[in-house]
Amino acid sequence: MTLKYLITGATGGLGEQVLNYFVAHVPGSEFAAASSNPSNRARFEDRGIAFRHVNYDDQQSLDTGLYDVENLLFVSTNTFDNERRDKQHRQLVDAAKKAGVKHVWYTSLAFGGFSDDSKAAVQQVHLITEQLLKESGLTYTSIREGVYTEAFPVFLNWYPDSTTVALPADGEIAFTRRAELGEATARLMIKGGHENEIVLLTSEETITAKEVVDVINETTGRQVKFKIVSPEEYAREHGANDQGGKPQAFFEMVATWWADIANGELRTTHGLMREILGREPTKPRDALKALLTGNRDYTWHQNYVR
C-alpha cells in the first residue's frame, strides 16, 4: 500500500513539529514517522502512528524505509561534520531515486536567502544537496528554513549566568519560531506544488545580537553587556572557558557564521510563511520575550557537548 507521506527526523525538533501537525490534521493511514533508531518504534506505534526505520548511514534501512513513498520529508542531518553530512545526504537522495519517491521535500537552511552563492560553511552541504536533487531527476522542493529563535543561545553562546556576550561581529537575523516552521512545512507538503523550486520560510522581521541582549535584559532584569571582539579572541576565549564544553574549533566555525551574518546572509525575509499559515509569523522580539518570560533561565541543548 502506497504511503502518502513519510516524515524523517520525527524525533528531532523540526520533524517532531511537522509530525504533530500531521497527527492533528491528516488521517493516520496516510503518513508514517521515521527515525534512525529502530528502538523508537514503540514510541510512535503506542500513539497509533505508523513507523519506518530510516537511517541515512544504513543502506538496507533506506531501501526498505523509502519503499512506496509518495512524499518524503527529507530532514537534513544535524551533524556539524560536513563530510559526513554530505555522504549521508547522497545516500538518501540515491535511495529516494531508487525507491521511486514521487516528491522530496528537503529541509535546507536560510543562509543566503534565495541565492546560491552563500559563503557560510554551514550552508555548503545544503547547496550541494540541492544540486544533487536537481541532478537526480527527482521532483523536489528545497525548503530553506529560517534560523530557529529557540537556538539564540548557541549563536550568542549565552548561558543563564552570562554577564557578557562577546561576538566577533553582529548583523540582522530573521529568527523564526521552530513550531511555526514545522507547521508551515507540514502545510506546504499537504498543499503540494512548488515542484523543483527553492522556497524560503522566515519571519518577516529581523533582529541583531545586540538587540537580543537588550531583550534578555528587558525581560529578565539582567544587565548583560554586549561587545565585539576579534574573531581570534572570540574563538580563543570561548574555547578555553566555555561552560558547555565546546572546543575552540567550534567557535572558530561560529566566528565564520557571524562574518556571514554581518554580510547579510540571514537578513532576507519572505511572505510565503504568512501565506501558508494564514497569519503573520511571530516577530523575533516577541518570540524571545515569550521564551524568557516562560523561563528566565532558558537554555538550548546545542550549547552543551553531549
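**Figure 1. The lining of the largest cavity in this predicted model.** Let us start inside the protein, where the residues around the largest cavity are Ala110, Gly113, Gly146, Val147, Ala174, Thr202, Glu265, Leu266, Arg267 and Thr268. Sorted by class, this lining has 4 nonpolar, 4 polar and 2 charged residues. The volume of the largest cavity is about 40 Å³. How many cavities of 30 Å³ or more does the structure hold? The search finds 1.

**Figure 2. The largest nonpolar core.** This core has 42 residues, and the members that touch the most others are Phe152, Phe155, Leu156 and Trp258. At least two core residues come from each of helix 6 (152–156), strand 7 (164–167), helix 8 (209–220), helix 9 (231–241), helix 10 (248–262) and helix 12 (284–294). Which helix gives the most to this core? Helix 10 does, with 7 residues. Zoom in on Phe155 to find its contacts beyond four places away in sequence: Val147, Leu167, Ile173, Phe175, Trp257, Trp258, Ile261 and Leu266. A second core, separate from this one, has 29 residues, among them Tyr5, Leu19, Met273 and Leu277.

**Figure 3. The largest pocket.** About 1100 Å³ of space lies here. The lining is made of 41 residues, and those nearest the centre of the pocket are Val75, Ser76, Thr77, Asn78 and Gln302. Helix 1 (13–25), helix 4 (82–99), strand 5 (103–109), helix 5 (121–136) and helix 6 each bring at least two residues to the lining. By class, the lining residues are 15 nonpolar, 20 polar and 6 charged.

**Figure 4. The second largest pocket.** This pocket holds about 310 Å³ of space. Of its 17 lining residues, look for Asn157, Thr164, Glu237, His238 and Asn241, which lie nearest the centre. Strand 7 and helix 9 are the elements that give two or more residues to this lining, and helix 9 gives the most, with 5. The lining has 6 nonpolar, 6 polar and 5 charged residues.

**Figure 5. Ala33 and its surroundings.** You can find Ala33 in strand 2 (residues 31–35). Is Ala33 buried or exposed? Its relative accessible area is 0%, so Ala33 counts as buried. Leaving out residues up to four places away in sequence, Ala33 touches Leu6, Ile7, Ala10, Leu19, Phe44, Ile49, Ala50, Phe51 and Arg52. Glu252 lies 36 Å from Ala33, C-alpha to C-alpha, and 219 residues away in sequence.

**Figure 6. Salt bridges.** The whole structure has 19 of them. In one, the side chains of Arg84 and Asp57 meet at 2.9 Å, N to O. Arg84 sits in helix 4 and Asp57 in the loop between strand 3 (50–53) and helix 3 (59–65), so this pair ties together parts 27 residues apart in sequence. Arg84 is partly exposed at 43% relative accessibility, and Asp57 is partly exposed at 42%. Another salt bridge joins Glu130 and Arg144, with the closest N and O atoms 2.6 Å apart. Glu130 belongs to helix 5 and Arg144 to strand 6 (residues 140–145), and both residues are buried.

**Figure 7. A salt bridge within helix 7, and a network.** Arg187 and Glu183 both lie in helix 7 (residues 178–191), 4 residues apart, about one turn of the helix. Their side chains meet at 3.0 Å, N to O. Arg187 is partly exposed at 27% relative accessibility, whereas Glu183, at 16%, counts as buried. Glu204, Arg274, Glu280 and Lys283 are joined in a network of salt bridges.

How values were computed
Residues numbered from 1 in each chain as written. Predicted model: local features only at pLDDT ≥ 70, side-chain atom pairs only at ≥ 80, totals over all residues. Heavy atoms only, no water. Core = buried A, V, L, I, M, F, W, Y, C linked by side-chain atoms within 4.5 Å. Buried < 20%, exposed > 50% of the residue type's maximum accessible area, 1.4 Å probe, protein only. Contact = heavy atoms within 4.5 Å. 1 Å grid on protein atoms, 1.4 Å probe; cavity = no way out; pocket = protein on both sides within 12 Å on 5 of 7 lines; lining within 4 Å. Points joined across faces, edges and corners; volume = space filled by probe spheres on them. Nonpolar A, V, L, I, M, F, W, Y, C, P; charged D, E, K, R; others polar. Salt bridge = Lys/Arg side-chain N within 4 Å of Asp/Glu carboxyl O.
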